[in-house]
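This report describes one chain of a predicted model, from its overall build down to single residues. Please keep the sequence and the structure in view while reading.

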Amino acid sequence: MFEEIKALLVKELGVEESLIKPEAELVTDLGINSLELADLVMLCEDKFDVEIEEEKLHEFITVGDVVNYLESIEK
Amino acid sequence: MKKNGEHVVFGMTSLYDGIVQQAERYGDKPRYIYKVNKQEKTFSFRDMKDHVDVIAAGLASLDMAGKFVGVTGETHPDYVAAYLATVSAGGVIVPLDKDILNEQFVGFCKRCDIAVLFYTRAMHQKMLDTASELPDVKYFIGFDLPEDAEMPERFMRFEAFFEIGKKAYEDGVRPAETTEQDPEKLCTILFTSGTTGTSKGVMLNQRNLVTSALDSCHIMATNDKDFFVSVLPIHHAYEFTCAQLALPNCGATTYINDSIKNTMRNFVKVKPRSLVLVPLYIETMHKRIWAEIEKKGKTEQVKAAIKVSNGLRKVGVDLRRVFFKDILAAFGGEIRYIVCGGAPLRPELIDEFEAFGISIFEGYGITECAPLVSANPMHWRKHRSAGQTVEHMEARIDKADPEDSTGEIVVRGDAVMMGYYKNPEATAEVFTEDGWFRTGDIGYIDDDNFIFITGRKKNIILLSNGKNVFPEELEEYLNASESVCEGVVIGRKNEETGEIAITALVYPNGEKFAGMTNEEIYPIIKDEITEINKKLPAFKHITELELRDEEFEKTTSRKIMRYKLK
């Protein structure tokens, strides 16, 4: 899952690949803004065919948070 | 009715008059398309008139007509209906930011003696949490609340309230129809950003709102064939006046963006012809466009196409909608123009969007002017300009010294506020002796009457030698650097010498400096500042640099809270 999120961040949002680690903070370390974060959620919804509540947006601080959440709803 | 070039602008004498006329003109055409529990619903122009009539009757039957009424939440047709009904029944509506902290929310409600609060479903918990601190609020009325929602005393579902209103209306209680719509009477209070203590309540009347809405209709070539996607917070004067009041008056249908994550999907679905946005959206859209182009390996191809297309346009051949079809498809394919306000936009973005076939028109507004002051006309745009004043506003530059090239922009006209609520001192400060409103912005007006803003008066750094420095000018240089993610310039007093040091506060670009410490980054940015200083007169030189580990704290409209920086 981490690799798939990483690929989305690199390909769709133009984030530098070397920066993407599970503990990297989306806003502070990867420099993505609130709208791009919303984009990431949309891309995850499309790719994994899931629905993510908007409230979750505020809970995604690190790349790992997104990975963990997606893994939890896939089960 | 007034013809402005190719489109018609319909007049209105009051907000209620506008609603009545729109219901007659557009009838069952959808005014809004919105979602409740993922179900798409429509709300027609006639529905709006009916809801305004019934809500006004409901307020009257609860003895709440003419009172101060709060409204908070995301955009919803009944948010707008409650707003218009309150005003039409002679009351004062206070739209409150849905994202402010509870303490500030309570503070604003108390300051305005709010008697009724309308709110959207997402705000229910906030209302429950604050109700005990708001004993003077007689009714909390929630739209589309879930069936199992907790409903303590004073809480009411909008549906139940609507039934009360409907019965009263049928019994002949019709305050919206019978109340005299006095254009000079206070009808809304909008809080400016800041803390509870520093935020000011801008008092507007119907003359202000109607003027600004009609001036918006004039500058936007919107008509009843148009679809529009509403994405900005509704409590802002910019979104409320320029989108929620103006666009329906032209007959456009508004699709309410149900979630920030669905923005791009909704663009594709709704195919808007125009959008009302702030720079953050345009910056993000720009990044997405290029990321998409790069993903497809077409960067060089698109750059070449831009050159060819720009060349062809010079000889009168416009093939942008063919060349850049795929790019435009991401916005639904019909997009023609974007109105951008709230903060200045980088001119390069205006050029690039234009190259793709999307015209961006920058405007200038402030809450105190309901908000529209000026805009770049459709036929004549100037880069970096806030445009020409709209029909009912005038602007003048008040210079401290006649030799100065810039001065404070002062304005007057029918959209200028009545004053600040319960704050005569602050009101007196912002009006000149001859009655013009001081915007607090510094700039100049060129020979074609285009306004250019060069800085904010309250941000000016006053040096000990008496010279003024506009931090915005220095920030423009600073933020153009790839090393800088966010940069702010402030004046900091050196306690030992008493001198004011021009200081750059920089949040470095994490991507560029990956794995580097601040000690390593510091000399690199310092060298860049030395280069910037070479372009500036000595008194404007940035002498101090401080690196930050976090981005700057921002308001809910994403502006840096400059007043918090020391």
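Chain B is divided into domain 1 (12–181) and domain 2 (465–564), with bounds that come from an automatic or database domain assignment. The centres of domain 1 of chain B and domain 2 of chain B, taken over C-alpha atoms, are separated by 45 Å. This is a predicted model, in which local features need pLDDT of at least 70 and side-chain atom pairs count only at pLDDT 80 or more, while totals for chains, interfaces and linings use all residues. Residues are numbered from 1 along each chain as its sequence is written, and chains are lettered from A and ligands numbered from 1 in the order in which they are written.

**Overall build**

Chain B has 18 helices and 28 strands; helices (H or I, at least four residues) and strands (E, at least two) are DSSP runs, numbered from the N terminus. The C-alpha trace of chain B spans about 75 × 60 × 50 Å along its principal axes. Its radius of gyration is 25 Å, which agrees with the value near 24 Å for a compact globule of 566 residues. That radius is taken over C-alpha atoms, and the globule rule is 2.2 Å times the number of residues to the power 0.38. Of the contacts in chain B with a separation of 6 or more, 63% join residues 24 or more positions apart; a contact means that two C-beta atoms, placed from the backbone, lie within 7 Å.

**The nonpolar cores**

Buried residues make up 42% of the 566 residues in chain B. A residue is buried if 20 or more other C-beta atoms lie within 10 Å of its own, exposed if 12 or fewer, and partly exposed in between. A nonpolar core is a set of buried Ala, Val, Leu, Ile, Met, Phe, Trp, Tyr and Cys residues joined through C-beta atoms within 7 Å. The largest such core has 153 residues, and B:V52, B:A56, B:L84, B:A85 and B:V411 touch the most other members. Helix α2 (residues 45–61) of chain B gives the largest share of this core, 9 residues. A second, separate core of 16 residues includes B:L474, B:C485, B:I502 and B:I525.

**Helix α4 and two loops**

Which residues are buried in helix α4 (residues 102–111) of chain B? They are B:F105, B:F108 and B:C109. These residues lie on the same side of α4(B), because they cover an arc of only 100° around the axis; the arc is that of the directions from the helix axis to the C-beta atoms. Among the elements that cover the buried residues of α4(B) are β5 (68–72), β6 (92–96), α5 (124–130) and β10 (186–191) of chain B.

Two loop residues have a positive phi although neither is a glycine.

| Residue | Phi | Loop in chain B | C-beta neighbours inside 10 Å |
|---|---|---|---|
| B:N37 | about 50° | between β3 (30–36) and β4 (39–44) | 8, exposed |
| B:D113 | about 50° | between α4 and β7 (116–119) | 12, exposed |

Another loop, between β16 (359–365) and β17 (372–375) of chain B, holds B:P371. The peptide bond from B:A370 to B:P371 is cis, with omega near 0°.
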